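Work through the exercises below with the sequence and the model side by side, and try each task before reading its solution.

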Amino acid sequence: MQFKNENKHMVDVLFVLSLFCVFAFSALMLVIIGANVYKKTAEHMDTNYASRISYAYLSEKIRQNDRADALSVGSYGDGDALIISEEINGKVYYTYLYQYDGKLRELFTGTPDTLRPEAGQAIMDCSAFSVSAVSDKLYFVSLTGSDGEKTTLYVSTRCMSPSE
């Protein structure tokens, strides 16, 4: 009779142990799934952040320099550049926004011909950058991040040119 009682206790222990193992496995799977969702969400947020920052930076630079004949499109280094000119104490200075060596760069200078493209301040990772003037008041900017994500942007200025 004692033997039957020991078998009952052994079955009860095995049942509780197996139930605990199923619970532990389920909890572990839930944590792993949650970690993967968090990782993908964080990567997506980083990509969106870089994309938003790039076009916010470029559009803000254009808008804060919205003066008559202050903006022009040219080239610097091996590619396109947005050139912002401004007069400070009677001398003309230029700000170049361009892509060089995998970075979007900004160069502020009074003598652009004497500086090399690597002299510019690196702003953010960028594998390709192009800018063009669609009209006197509309600029098209295309920027490709280091992750291959391409951002395009049209920015309009409000300032009238001196001829208007």
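**Exercise 1.** How many helices and strands does the chain have?

*Solution.* Begin with the kind of model: this is a predicted one, in which local features need pLDDT of at least 70 and side-chain atom pairs count only at pLDDT 80 or more, while totals for chains, interfaces and linings use all residues. Residues are numbered from 1 along each chain as its sequence is written, and side-chain values use heavy atoms, with hydrogens and water left out. Next, count the DSSP runs (helices are H or I of at least four residues, strands are E of at least two, numbered from the N terminus): the chain has one helix and eight strands. Read from the N terminus, their order is α-β-β-β-β-β-β-β-β.

**Exercise 2.** Decide why the chain counts as more spread out than a compact globule.

*Solution.* First take the radius of gyration (over C-alpha atoms), and then the globule rule (2.2 Å times the number of residues to the power 0.38). Because the radius of gyration is 30 Å, well over the 15 Å that the rule gives for 164 residues, the chain is more spread out than a compact globule. Finally, look at the C-alpha trace, which spans about 110 × 35 × 25 Å along its principal axes.

**Exercise 3.** Is I32 buried, partly exposed or exposed?

*Solution.* First locate I32, which lies in helix α1, residues 2-64. Then apply the classes (buried under 20% relative accessible area, exposed over 50%, partly exposed in between, with a 1.4 Å probe and protein chains only): I32 has 39% relative accessibility and therefore counts as partly exposed. By the buried class, 26% of the 164 residues of the chain count as buried.
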